[in-house]
Amino acid sequence: MRLYIYDHCPFCARARMIFGLRDVPLETQTLLFDDAETPTRLVGEKTVPILEFDDGGTLTDTQQIVRGIDAEAEGVKVMDGPQNPDIERWVKAASDTIFKLFAPRAVEAPLGELATPEAAEAFRAKMTDMVGDLDALREQTPALLNDLERWFTELEPLIQSPEAVNQVLSLDDITLYPVLRHLSLVEGVKYPEKVDAYRLAMAQLSRVPLHDQPIEPG
Ligand SMILES: N[C@@H](CCC(=O)N[C@@H](CS)C(=O)NCC(=O)O)C(=O)O
(Lines give C-alpha, C1' and ligand atoms only; values in the text may rest on other atoms or scores of the structure.)
Protein backbone atom coordinates (compact mmCIF):
# COMPACT_ATOMS: atom_id res chain seq x y z
CA MET A 1 0.00 0.00 0.00
CA ARG A 2 1.20 3.46 -0.80
CA LEU A 3 -0.16 6.76 0.52
CA TYR A 4 0.38 9.90 -1.57
CA ILE A 5 0.52 12.95 0.67
CA TYR A 6 1.52 16.53 1.26
CA ASP A 7 3.32 16.90 4.58
CA HIS A 8 1.30 19.99 5.55
CA CYS A 9 -2.08 18.41 4.80
CA PRO A 10 -4.18 17.62 7.88
CA PHE A 11 -6.27 15.02 6.03
CA CYS A 12 -3.05 13.24 5.06
CA ALA A 13 -1.87 13.36 8.68
CA ARG A 14 -5.14 11.72 9.73
CA ALA A 15 -4.71 8.97 7.16
CA ARG A 16 -1.05 8.44 8.13
CA MET A 17 -1.97 8.25 11.82
CA ILE A 18 -4.17 5.18 11.52
CA PHE A 19 -1.27 3.20 10.02
CA GLY A 20 1.02 4.21 12.88
CA LEU A 21 -1.53 3.73 15.62
CA ARG A 22 -2.52 0.29 14.32
CA ASP A 23 1.02 -0.74 13.38
CA VAL A 24 0.20 -1.31 9.72
CA PRO A 25 3.22 -0.90 7.39
CA LEU A 26 2.94 2.00 4.98
CA GLU A 27 4.97 3.54 2.21
CA THR A 28 4.36 7.26 1.80
CA GLN A 29 5.13 9.38 -1.22
CA THR A 30 5.10 13.15 -0.94
CA LEU A 31 3.87 14.78 -4.14
CA LEU A 32 5.16 18.15 -5.29
CA PHE A 33 2.43 20.72 -4.77
CA ASP A 34 2.32 21.61 -8.48
CA ASP A 35 2.24 17.98 -9.63
CA ALA A 36 -1.30 17.64 -10.96
CA GLU A 37 -0.33 14.86 -13.36
CA THR A 38 0.30 12.10 -10.79
CA PRO A 39 -2.92 12.44 -8.78
CA THR A 40 -4.96 12.98 -11.95
CA ARG A 41 -3.54 9.79 -13.44
CA LEU A 42 -4.39 7.91 -10.22
CA VAL A 43 -7.84 9.28 -9.36
CA GLY A 44 -8.82 11.83 -12.00
CA GLU A 45 -8.15 14.99 -9.96
CA LYS A 46 -5.48 16.88 -7.98
CA THR A 47 -6.16 15.69 -4.46
CA VAL A 48 -4.43 14.07 -1.50
CA PRO A 49 -4.43 11.81 0.41
CA ILE A 50 -4.59 8.98 -2.11
CA LEU A 51 -4.24 5.44 -0.84
CA GLU A 52 -3.11 3.10 -3.61
CA PHE A 53 -3.52 -0.63 -2.98
CA ASP A 54 -1.15 -3.22 -4.39
CA ASP A 55 -3.86 -4.30 -6.88
CA GLY A 56 -4.08 -0.73 -8.23
CA GLY A 57 -7.31 0.22 -6.42
CA THR A 58 -7.43 3.65 -4.77
CA LEU A 59 -9.20 5.50 -1.95
CA THR A 60 -9.27 9.28 -1.55
CA ASP A 61 -11.75 9.79 1.26
CA THR A 62 -9.80 10.22 4.50
CA GLN A 63 -12.60 8.87 6.65
CA GLN A 64 -12.86 5.75 4.48
CA ILE A 65 -9.09 5.26 4.67
CA VAL A 66 -9.06 5.62 8.47
CA ARG A 67 -12.04 3.35 9.05
CA GLY A 68 -10.94 0.81 6.44
CA ILE A 69 -7.42 0.35 7.82
CA ASP A 70 -8.74 0.32 11.39
CA ALA A 71 -11.34 -2.33 10.50
CA GLU A 72 -8.80 -4.59 8.78
CA ALA A 73 -6.08 -4.45 11.46
CA GLU A 74 -6.11 -7.02 14.28
CA GLY A 75 -6.81 -5.89 17.83
CA VAL A 76 -8.56 -3.00 19.57
CA LYS A 77 -10.08 -0.59 17.08
CA VAL A 78 -9.49 3.16 17.28
CA MET A 79 -13.01 3.75 15.94
CA ASP A 80 -14.45 1.87 18.93
CA GLY A 81 -12.84 4.29 21.41
CA PRO A 82 -15.13 6.68 23.32
CA GLN A 83 -15.48 10.13 21.77
CA ASN A 84 -16.04 13.47 23.48
CA PRO A 85 -18.04 15.98 21.42
CA ASP A 86 -16.08 18.77 23.10
CA ILE A 87 -12.95 17.71 21.19
CA GLU A 88 -14.57 18.08 17.78
CA ARG A 89 -16.10 21.38 18.91
CA TRP A 90 -12.70 22.60 20.11
CA VAL A 91 -10.98 21.65 16.86
CA LYS A 92 -13.63 23.47 14.80
CA ALA A 93 -13.51 26.57 16.99
CA ALA A 94 -9.71 26.83 17.35
CA SER A 95 -8.92 25.99 13.71
CA ASP A 96 -9.21 29.54 12.39
CA THR A 97 -6.58 30.89 14.82
CA ILE A 98 -4.33 27.89 14.27
CA PHE A 99 -4.54 28.10 10.48
CA LYS A 100 -3.73 31.82 10.52
CA LEU A 101 -0.58 31.09 12.51
CA PHE A 102 0.27 28.11 10.33
CA ALA A 103 -0.24 29.49 6.79
CA PRO A 104 2.53 32.16 6.66
CA ARG A 105 5.05 29.69 8.14
CA ALA A 106 4.00 26.68 6.06
CA VAL A 107 4.88 28.43 2.79
CA GLU A 108 8.47 28.82 4.01
CA ALA A 109 8.85 25.45 5.71
CA PRO A 110 11.14 22.68 4.42
CA LEU A 111 8.22 20.51 3.33
CA GLY A 112 8.66 17.82 0.68
CA GLU A 113 5.80 19.19 -1.43
CA LEU A 114 7.66 22.52 -1.73
CA ALA A 115 10.96 21.06 -2.93
CA THR A 116 11.06 23.09 -6.16
CA PRO A 117 10.59 26.87 -6.56
CA GLU A 118 7.58 26.25 -8.82
CA ALA A 119 5.89 23.99 -6.27
CA ALA A 120 6.58 26.48 -3.47
CA GLU A 121 5.15 29.31 -5.57
CA ALA A 122 1.99 27.31 -6.35
CA PHE A 123 1.51 26.60 -2.64
CA ARG A 124 2.04 30.25 -1.68
CA ALA A 125 -0.62 31.25 -4.22
CA LYS A 126 -3.04 28.67 -2.80
CA MET A 127 -2.46 29.78 0.82
CA THR A 128 -2.85 33.45 -0.13
CA ASP A 129 -6.09 32.55 -1.86
CA MET A 130 -7.29 30.82 1.30
CA VAL A 131 -6.28 33.31 4.01
CA GLY A 132 -5.29 36.54 2.27
CA ASP A 133 -2.01 38.45 2.55
CA LEU A 134 0.50 36.23 4.36
CA ASP A 135 2.77 39.08 5.50
CA ALA A 136 -0.20 40.89 7.04
CA LEU A 137 -1.13 37.67 8.86
CA ARG A 138 2.40 37.34 10.21
CA GLU A 139 2.06 40.79 11.71
CA GLN A 140 -0.98 39.58 13.63
CA THR A 141 1.17 36.98 15.42
CA PRO A 142 1.03 38.50 18.95
CA ALA A 143 -2.78 38.74 18.88
CA LEU A 144 -3.10 35.25 17.40
CA LEU A 145 -0.78 33.79 20.06
CA ASN A 146 -2.98 35.43 22.70
CA ASP A 147 -6.06 33.80 21.18
CA LEU A 148 -4.20 30.51 21.09
CA GLU A 149 -3.40 30.76 24.79
CA ARG A 150 -7.13 31.03 25.49
CA TRP A 151 -7.88 28.03 23.27
CA PHE A 152 -5.23 26.03 25.09
CA THR A 153 -6.82 26.91 28.44
CA GLU A 154 -9.99 25.24 27.16
CA LEU A 155 -8.21 22.22 25.76
CA GLU A 156 -5.93 21.44 28.71
CA PRO A 157 -8.65 19.96 31.01
CA LEU A 158 -10.06 17.87 28.12
CA ILE A 159 -6.82 15.89 27.79
CA GLN A 160 -7.17 12.78 29.90
CA SER A 161 -3.89 11.09 28.99
CA PRO A 162 -0.84 11.84 26.82
CA GLU A 163 -1.48 8.58 24.94
CA ALA A 164 -5.15 9.22 24.16
CA VAL A 165 -7.18 12.38 24.62
CA ASN A 166 -10.13 10.40 26.05
CA GLN A 167 -7.90 7.91 27.93
CA VAL A 168 -8.51 5.25 25.25
CA LEU A 169 -7.52 5.88 21.61
CA SER A 170 -10.43 7.13 19.52
CA LEU A 171 -11.24 9.04 16.35
CA ASP A 172 -10.89 12.20 18.47
CA ASP A 173 -7.10 11.65 18.53
CA ILE A 174 -7.13 11.50 14.74
CA THR A 175 -9.04 14.78 14.63
CA LEU A 176 -7.02 16.61 17.28
CA TYR A 177 -3.38 15.73 16.66
CA PRO A 178 -3.10 17.01 13.03
CA VAL A 179 -4.31 20.45 14.16
CA LEU A 180 -1.84 20.59 17.06
CA ARG A 181 0.84 19.41 14.63
CA HIS A 182 0.26 22.56 12.52
CA LEU A 183 1.52 24.58 15.47
CA SER A 184 4.88 22.83 15.42
CA LEU A 185 5.77 25.20 12.55
CA VAL A 186 5.06 28.21 14.75
CA GLU A 187 7.83 29.62 16.93
CA GLY A 188 6.96 31.03 20.35
CA VAL A 189 3.97 28.80 21.13
CA LYS A 190 3.71 28.13 24.88
CA TYR A 191 2.13 24.73 25.39
CA PRO A 192 0.37 23.92 28.66
CA GLU A 193 1.79 20.79 30.27
CA LYS A 194 -0.86 18.28 29.19
CA VAL A 195 -1.12 19.63 25.63
CA ASP A 196 2.64 19.40 25.24
CA ALA A 197 2.86 15.86 26.64
CA TYR A 198 -0.02 14.85 24.38
CA ARG A 199 1.44 16.17 21.12
CA LEU A 200 4.83 14.58 21.87
CA ALA A 201 3.33 11.20 22.78
CA MET A 202 0.96 11.21 19.80
CA ALA A 203 3.83 11.94 17.38
CA GLN A 204 5.56 8.81 18.66
CA LEU A 205 2.46 6.60 18.75
CA SER A 206 1.11 7.64 15.35
CA ARG A 207 4.54 7.75 13.66
CA VAL A 208 3.58 11.14 12.20
CA PRO A 209 6.37 13.44 13.36
CA LEU A 210 5.84 16.99 14.48
CA HIS A 211 7.49 19.51 12.17
CA ASP A 212 9.92 20.69 14.86
CA GLN A 213 11.32 17.38 16.05
CA PRO A 214 12.00 13.89 14.74
CA ILE A 215 10.41 10.81 16.28
CA GLU A 216 12.54 8.13 17.90
CA PRO A 217 12.96 5.00 15.80
CA GLY A 218 10.45 2.39 17.02
N1 LIG B 1 -11.29 13.92 -0.19
C2 LIG B 1 -10.53 14.45 0.82
C3 LIG B 1 -10.27 15.93 0.73
C4 LIG B 1 -8.93 16.18 1.32
C5 LIG B 1 -8.42 17.56 0.98
O6 LIG B 1 -9.15 18.56 1.11
N7 LIG B 1 -7.17 17.62 0.53
C8 LIG B 1 -6.57 18.85 0.13
C9 LIG B 1 -5.20 19.03 0.77
S10 LIG B 1 -5.28 19.29 2.52
C11 LIG B 1 -6.32 18.79 -1.36
O12 LIG B 1 -6.17 17.73 -1.91
N13 LIG B 1 -6.27 19.92 -2.01
C14 LIG B 1 -5.93 20.00 -3.41
C15 LIG B 1 -4.93 21.08 -3.62
O16 LIG B 1 -4.47 21.64 -2.61
O17 LIG B 1 -4.60 21.35 -4.76
C18 LIG B 1 -11.09 14.07 2.17
O19 LIG B 1 -11.99 14.69 2.74
O20 LIG B 1 -10.58 13.12 2.66
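A salt bridge is defined here as a side-chain nitrogen of Lys or Arg within 4 Å of a carboxyl oxygen of Asp or Glu. The structure is a predicted model, in which local features need pLDDT of at least 70 and side-chain atom pairs count only at pLDDT 80 or more, while totals for chains, interfaces and linings use all residues. Residues are numbered from 1 along each chain as its sequence is written, and side-chain values use heavy atoms, with hydrogens and water left out.

A search of the whole structure identifies 14 salt bridges. One of them joins Arg 16 to Asp 7, with an N to O distance of 3.2 Å; both Arg 16 and Asp 7 are buried (under 20% relative accessible area, 1.4 Å probe, protein chains only). In another, Arg 22 pairs with Asp 70, and the closest N and O atoms are 2.5 Å apart.

The ligand is surrounded (a heavy atom within 4 Å) by Cys 9, Phe 11, Phe 33, Lys 46, Thr 47, Val 48, Thr 60, Asp 61, Thr 62 and Lys 126. Polar contacts (pairs of N or O atoms within 3.5 Å) involve several of these residues. The side chain of Lys 46 places an N or O atom 2.7 Å from a ligand oxygen, and a polar side-chain atom of Lys 126 likewise lies 2.7 Å from an oxygen atom of the ligand. A polar backbone atom of Thr 60 is 3.4 Å from a ligand nitrogen. Of the 520 Å² of accessible area that the ligand has on its own, the protein covers 71% (Shrake-Rupley method, 1.4 Å probe).

Conventions: A polar contact is a pair of N or O atoms within 3.5 Å; within protein, one must be able to donate a hydrogen and the other to accept it, and residues adjacent in sequence count only if both atoms are side-chain atoms. Buried means under 20% relative accessible area, exposed over 50%, partly exposed in between (1.4 Å probe, protein chains only).
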